[in-house]
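Q: Please take a close look at the nonpolar core of this protein chain and at the residues placed around it. I should like one connected account that begins with the overall fold and then proceeds to individual positions.

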Amino acid sequence: TIDFTGCARALEVGCGVGPELQILRRRFPQVRLTGLDFSATQLAAARVLLRPEGSPIMVVKSPIRKIT
């Protein structure tokens with residue numbers, strides 16, 4: 001397991017529908033989370049999954065290979 005206790009922000013590249021972001025939000029609500037994925041369909045599902053609870057999570061469509 002990774003301990004995000006001292007982190008202010010975390011980025012998940014290839015977040016898909018967002019289940020890992022959901023787990024991280026529950027375990028570390030103080031961390032500002034961002035998820036990236038290239039699939040608009042996956043991100044739409046992530047927004048539905050992540051909307052109901054807790055702190056907001058930003059999910060962004062991005063051609064992951066171009067992240068620097």
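A: In this predicted model, the protein chain forms two helices and three strands. Read from the N terminus, these elements follow the order β-α-β-α-β.

The overall dimensions provide the setting for the core. The radius of gyration of the protein chain is 12 Å, which agrees with the value near 11 Å for a compact globule of 68 residues. Along the principal axes, the C-alpha atoms occupy a box of roughly 30 × 30 × 20 Å. Contacts between residues 24 or more positions apart make up 58% of those with a separation of 6 or more. Of the 68 residues, 34% count as buried. The chain exposes about 4,700 Å², and 58% of this area is supplied by carbon and sulfur atoms. As for charge, there are 10 positive and 5 negative side chains, with the centres of the two sets 9 Å apart.

The largest nonpolar core consists of twelve residues: Phe4, Ala10, Cys15, Leu21, Phe28, Val31, Leu33, Leu43, Ala46, Leu50, Ile57 and Val59. Helix H2, spanning residues 40-50, gives the most to this core, with three residues. In soluble globular proteins, nonpolar side chains tend to be buried together.

Two members of the core illustrate how it is connected. Val59, with its neighbours within four places in sequence left aside, is in contact with Cys15, Leu21, Gly35, Leu43, Ala46, Arg47 and Leu50. Among these partners, Cys15, Leu21, Leu43, Ala46 and Leu50 are themselves listed in the core. The second member, Ile57, lies in the loop between H2 and S3. Ile57 is classed as buried because its relative accessible area is 15%, below the 20% limit for that class. Not counting residues up to four places away in sequence, Ile57 touches Leu21, Arg25, Leu33 and Leu50. One of these partners, Arg25, is 32 residues from Ile57 along the chain, and the C-alpha atoms of the two are separated by 8.2 Å. Leu21 and Leu50 appear in the contacts of Val59 and also in those of Ile57.

Burial also extends to a polar residue. Gln22 is found in helix H1, which covers residues 19-27. Its relative accessible area is 13%, so Gln22 counts as buried. With neighbours within four places in sequence left aside, Gln22 is in contact with Leu49, Leu50 and Glu53. Leu50, a member of the core, is therefore a contact partner of Gln22, of Ile57 and of Val59, where contact means heavy atoms within 4.5 Å.

Three further positions are partly exposed. Gln42 has its place in helix H2. Its relative accessibility of 33% makes Gln42 partly exposed, as that class lies between 20% and 50%. Not counting residues up to four places away in sequence, Gln42 touches Gly16, Val17 and Asp37. Gln42 and Val17 are 25 residues apart in sequence, whereas their C-alpha atoms are 5.0 Å apart in space.

Gly14 lies in the loop between strand S1, residues 9-13, and H1. At 38% relative accessibility, Gly14 also counts as partly exposed. Its contacts, leaving aside neighbours within four places in sequence, are Leu36, Asp37 and Ile64. The C-alpha atoms of Gly14 and Asp37 are 4.6 Å apart, although the two residues are 23 positions apart in sequence. Asp37 is thus touched by Gln42 and is also in contact with Gly14.

The last position is Pro63, found in the segment after strand S3, which spans 58-61. Pro63 has a relative accessible area of 39% and is partly exposed. Pro63 and Gly14 are 49 residues apart along the chain, with 9.8 Å between their C-alpha atoms.

Definitions and conventions
Residues are numbered from 1 along each chain as its sequence is written. This is a predicted model: local features need pLDDT of at least 70, side-chain atom pairs count only at pLDDT 80 or more; totals for chains, interfaces and linings use all residues. Side-chain values use heavy atoms; hydrogens and water are left out. Helices (H or I, at least four residues) and strands (E, at least two) are DSSP runs, numbered from the N terminus. The radius of gyration is taken over C-alpha atoms; the globule rule is 2.2 Å times the number of residues to the power 0.38. Buried means under 20% relative accessible area, exposed over 50%, partly exposed in between (1.4 Å probe, protein chains only). Accessible areas come from the Shrake-Rupley method with a 1.4 Å probe; for residues, only the protein chains shown count as cover. Lys and Arg count as positive and Asp and Glu as negative; His and the chain ends are not counted. The place of a charge is taken as NZ of Lys, CZ of Arg, CG of Asp or CD of Glu. A nonpolar core is a set of buried Ala, Val, Leu, Ile, Met, Phe, Trp, Tyr and Cys residues joined through side-chain atoms within 4.5 Å.
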